[in-house]
Amino acid sequence: MRIIGLIIVVVTGALLIYAATDFPAWSDPASPASTYLSPYYIEKTMEETSVPNIVTAVLADYRGFDTMFETTVIFSAGVVCFFLLRIPRREEPEIRYYRHVLTGVTIQLKEGYKIPPSADFERIDAVWTPPDLIIKTGCRILIPFIQLFALYVIAHGHHSPGGGFQGGVILGASIILLAISHDLRTAVRRMSEKLIAILCAVGVSIYAGTGALCLLLKQNFLDYSALAGVLHVDPITARSHGILMVEIGVGIAVMATMIWIYNNISSAGRYRQGL
Amino acid sequence: MTDLISTVVAKYNYWIYITLMMIGLYAMIAKNNLVKKIVGMNIFQTAIILFYVSIGVKKGGTIPILEHAHGHEHHVVHAVDYINPLPHVLMLTAIVVGVATLGVALALAIRIYNNYNTLEEDEILTQVREK
């Protein structure tokens, strides 16, 4: 297999390098990719959508359909990970362990016994490593700032590099950081599985709902200029606001999906300690 | 000789991506371990992303965010001053979708491991044939 693979790879590579001689030179302003469609986007974006960041405008407005289905792909990937890995039956072990947070004393409970519900005890697994104090404290300081930056990236995507995808990934990473630095139970306590699933669907629905709203207001699907009457602005500013709504939807969907995929894969669907 | 050097300077970026892509393809064909195949798939994907981003580059162009945007409505925008935004849009979504599909691939690998207790392709195939 190795030799066949090597032959295939060498032949394909040689063919591609031969084909690359016909390609436009590096950083050529007159290359075919930059001559037909992209000058229109660069010159007309400001007039038509009043968004200075052309990438955001093309992503959410000119190519809105594409981005909607990309978001749907991400949503489906999250759902697929859930269905493949999650073990739905809650098989409670016979012996459970609880740790008293303040003193560090671990107690062991047999089936049928319960502890009074209080914040002093946390449920732990049979194999449990205490999280490192320095990492825990460092992450506790970092996470709020990461989340704040993520919100900035989403909200400021019109004027600087950023947008729903990037901000959503940063938001997801902050929760994943919580799960890595503490343990998976802590992260799931903060953001339950149900909430993640709902947010995942809500994000996609916000996107599709904005499109459907435009349809109800007698314009084409995802033609945000229809929102002008609802938002009391001129049609061009309405397109800019429509892009923001869509980006928020993308951000929520991407954030929830990243956390969902991480939770399922890191714990192989059992939602115990995780990594 | 000068011709050759100018060709190399103008085209070397494509050669880098082709090399990277072929590394990924080789890993997908020849490696026995499923996780290594997934890693190869991701290297392949990275090569495509780099290729697209390099298509967007223009000499002397800046990032595709308009300067003098608000308050200078009659400022004329020249397309030569800004790099091509379209490849960036396409790759922006492709990166996130790539991460999501990587998640699905790893989930499948975990299920295969749970069933067969191995991730080596030949061992899985012998087990499948025995059944």
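Colleague: What makes A:Val58 a residue in contact with chain B?

Modeller: Two residues count as in contact if their C-beta atoms lie within 7 Å. In this predicted model, and leaving aside neighbours within four places in sequence, A:Val58 is in contact with B:Pro85, B:Leu86 and B:Val89. Its contacts in chain A, on the same terms, are A:Tyr41 and A:Arg63.

Colleague: Where does A:Val58 stand in the largest nonpolar core?

Modeller: A:Val58 is among the residues with the most contacts inside that core, along with A:Ala253 and A:Val254. The core has 68 residues, and its largest share, 17 residues, comes from helix 10 of chain A.

Colleague: What makes the core with B:Tyr14 a second one?

Modeller: A core is a set of buried residues joined through C-beta atoms within 7 Å. The set that includes B:Tyr14, B:Tyr17, B:Met21 and B:Met22 is separate, with 10 residues.

Colleague: How many residues of each chain are in contact with the other chain?

Modeller: There are 51 from chain A and 41 from chain B. On the chain A side, helix 1 gives the most, with 10 residues. That side divides into 35 nonpolar, 12 polar and four charged residues.

Colleague: Why are the buried residues of helix 2 of chain A said to line one face?

Modeller: The buried residues are A:Ser38, A:Tyr41, A:Ile42, A:Thr45, A:Met46 and A:Thr49. Seen down the helix axis, they fall within an arc of 115°, so they line one face. An α-helix has 3.6 residues a turn, so residues three or four places apart point the same way.

Colleague: Which residues are exposed on the other side of helix 2 of chain A?

Modeller: A:Tyr40 and A:Glu47 are. To be exposed, a residue has 12 or fewer other C-beta atoms within 10 Å of its own; buried takes 20 or more. The buried residues of helix 2 pack against helix 3 and helix 10 of chain A, together with helix 3 of chain B.

Colleague: What span is expected of helix 2 of chain A, and what does it reach?

Modeller: At 1.5 Å a residue, 16 Å is expected; the helix, with 12 residues, reaches 15 Å from its first C-alpha to its last, which is close.

Colleague: What makes strand 1 and strand 2 of chain A a pair?

Modeller: Pairing takes at least two bridges. Four bridges join these two strands, which run antiparallel, and therefore they meet the requirement for a pair. One of the partnerships is A:Arg99 with A:Thr106.

Notes:
Residues numbered from 1 in each chain as written. Chains lettered and ligands numbered in written order. Predicted model: local features only at pLDDT ≥ 70, side-chain atom pairs only at ≥ 80, totals over all residues. Nonpolar A, V, L, I, M, F, W, Y, C, P; charged D, E, K, R; others polar. Expected span 1.5 Å × (residues − 1). Arc of directions from axis to C-beta.
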